[in-house]
Amino acid sequence: MDLSTGTIGFSPALTALNAAYSPVYELAVAADGTLYAYAFSPSFSNRVVQVNAAGTPITMIANGTATCTGALTLSILANYERLAFDSAGNLWISGLACGGAAGMTAQRALVRRTPAGVFDAVVTESLTSTAGMALDAADNLYFTTANGRLRRRAASDGSVTTVAGATGMTTMSTGDFGPASAALLQAPQSVAVLPSGRVVVSEDFGSTYMLRVVW
């Protein structure tokens with residue numbers, strides 16, 4: 001769209017979302033136009049909600065559990081959780097999870113929710129509430145960890161490998177134009193995959209952020 005001549009407004013889905021939730025931290029759109037948002041409401045605190053393209057109904061994806069036994073479920077969600085869709089229509093959500101693949105103790109994880117509403121996969125690492133995640137064209141999942149690494153979960157078999165960042169390093173940023181596995185990342189945050197397949201990761205330097213590309 002040419003922003004110099006375009007117009008700004010609200011779709012029915014966004015209008016419904018704005019009427020019920022504030023603030024809205026994160027958005028993701030399914031192939032059928034259904035809008036998913038990570039948002040806050042005074043009645044339900046932080047929740048993932050879905051709004052169809054027509055703007056109704058608003059449905060919450062339930063989270064919160066008294067125990068960590070039984071099926072995998074979301075537990076507590078912090079501010080600024082992440083949402084992402086893969087090509088099969090599965091929704092990836094960051095947050096605390098327990099039961100099932102997450103085990104008997106609630107822990108921070110990246111959780112996959114199928115179109116049928118079942119949580120069926122989980123990635124548990126040294127994650128923080130600001131950990132970023134993104135999917136590439138082949139549905140490989142990239143995410144950042146608290147111990148200074150950019151990691152990749154293979155869509156083919158679920159194996160997790162390090163893309164960039166030496167283990168345990170969080171307070172230095174070095175290694176430009178050298179092997180990504182030997183580079184040091186300082187508090188890596190958000191991650192994005194470019195159309196070329198290259199991966200961009202942001203680093204937190206306290207008062208400033210730096211973007212670095214994994215070639």
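**Close-up views of a predicted model**

By the distance rule for cysteine sulfur atoms, the count of disulfides in this predicted model comes to zero.

**View 1. Two cysteines, C68 and C98, are buried.** The relative accessible area of C68 is 16%, and that of C98 is 1%. Both values are under 20%, the cut-off for a buried residue, so C68 and C98 are each classed as buried. C98 belongs to strand β7, where C98 stands opposite T73. No disulfide is found in the model by the rule applied.

**View 2. An open sheet of four strands has the order β1-β2-β3-β4.** The pairing in this sheet is antiparallel. Its edges are formed by β1 (24–29) and β4 (58–61), each of which pairs on one side only. On average, neighbouring strands of the sheet are turned by 30° against each other, direction ignored. Strand β1 is joined to strand β2 (residues 35–41) by five bridges, and the two run antiparallel. Within this pair, E26 stands opposite Y38 of β2.

**View 3. Strand β7 (residues 91–98) is mostly covered.** Seven of the eight residues in β7 are buried. Strand β5 (residues 73–74) pairs with β7 in the antiparallel sense over two bridges, with T73 placed opposite C98. Strand β6 (residues 83–85) also runs antiparallel to β7, and three bridges join them. L83 has I93 of β7 as its bridge partner. Strand β8 (residues 107–113) is joined to β7 by seven bridges, again with the strands running antiparallel. Here S94 stands opposite L110 in β8.

**View 4. Strands β6 and β7 form a hairpin.** Five residues lie between the two strands. One of the turn residues, G89, has a positive phi of about 90°. The strands on either side of the turn run antiparallel and share three bridges.

**View 5. E81 and R108 form a salt bridge.** The closest N and O atoms of the pair are 2.9 Å apart. The contact links distant parts of the chain: E81 is in the loop between β5 and β6, R108 is in strand β8, and they are 27 residues apart. E81 is buried, at a relative accessible area of 2%. R108 is likewise buried, at 13%. A search of the whole structure finds six salt bridges.

**View 6. A second open sheet of four strands has the order β10-β11-β12-β13.** Its strands pair in the antiparallel sense. The edge strands are β10 (133–135) and β13 (160–164), and each pairs on one side only. Neighbouring strands here are turned by 25° against each other on average, direction ignored. Strand β10 pairs with strand β11 (residues 141–144) over three bridges, in the antiparallel sense. The bridge partner of M133 is F143 in β11.

**View 7. The side chains of R149 and E125 meet in a salt bridge.** The N to O distance is 3.8 Å. R149 lies in the loop between β11 and β12 (150–153), and E125 lies in the loop between β9 (119–123) and β10, so the salt bridge ties together parts that are 24 residues apart in sequence. R149 has a relative accessible area of 12% and is buried. E125, at 22%, is partly exposed.

**View 8. R212 and D176 form a salt bridge.** The closest N and O atoms are 2.4 Å apart. R212 lies in strand β16 and D176 in the loop between β13 and β14 (188–193), so parts that are 36 residues apart in sequence are tied together by the pair. The two partners fall into separate accessibility classes: R212 counts as buried, at 9% relative accessibility, whereas D176 is exposed, with a relative accessible area of 52%. Elsewhere in the model, salt bridges that share partners join E125, R149 and R151 into one network.

**View 9. L194, V213 and W215 make a nonpolar surface patch.** The area of the patch is about 340 Å². W215 is found in the segment after β16 (209–214). The relative accessibility of W215 is 72%, so W215 counts as exposed.

How values were computed:
Residues are numbered from 1 along each chain as its sequence is written. This is a predicted model: local features need pLDDT of at least 70, side-chain atom pairs count only at pLDDT 80 or more; totals for chains, interfaces and linings use all residues. Side-chain values use heavy atoms; hydrogens and water are left out. Two strands pair if DSSP finds at least two bridges between them. Axes are lines fitted to C-alpha atoms, for helices over the stretch in contact, and angles run from 0 to 180 degrees between N-to-C directions. Patches are made of residues with over 30% relative accessible area and no salt bridge: like charges are joined within 9 Å, nonpolar side chains (Val, Leu, Ile, Met, Phe, Trp, Tyr) within 5 Å. Accessible areas come from the Shrake-Rupley method with a 1.4 Å probe; for residues, only the protein chains shown count as cover. A salt bridge is a side-chain nitrogen of Lys or Arg within 4 Å of a carboxyl oxygen of Asp or Glu. Buried means under 20% relative accessible area, exposed over 50%, partly exposed in between (1.4 Å probe, protein chains only). A disulfide is a pair of cysteine sulfur atoms within 2.5 Å.
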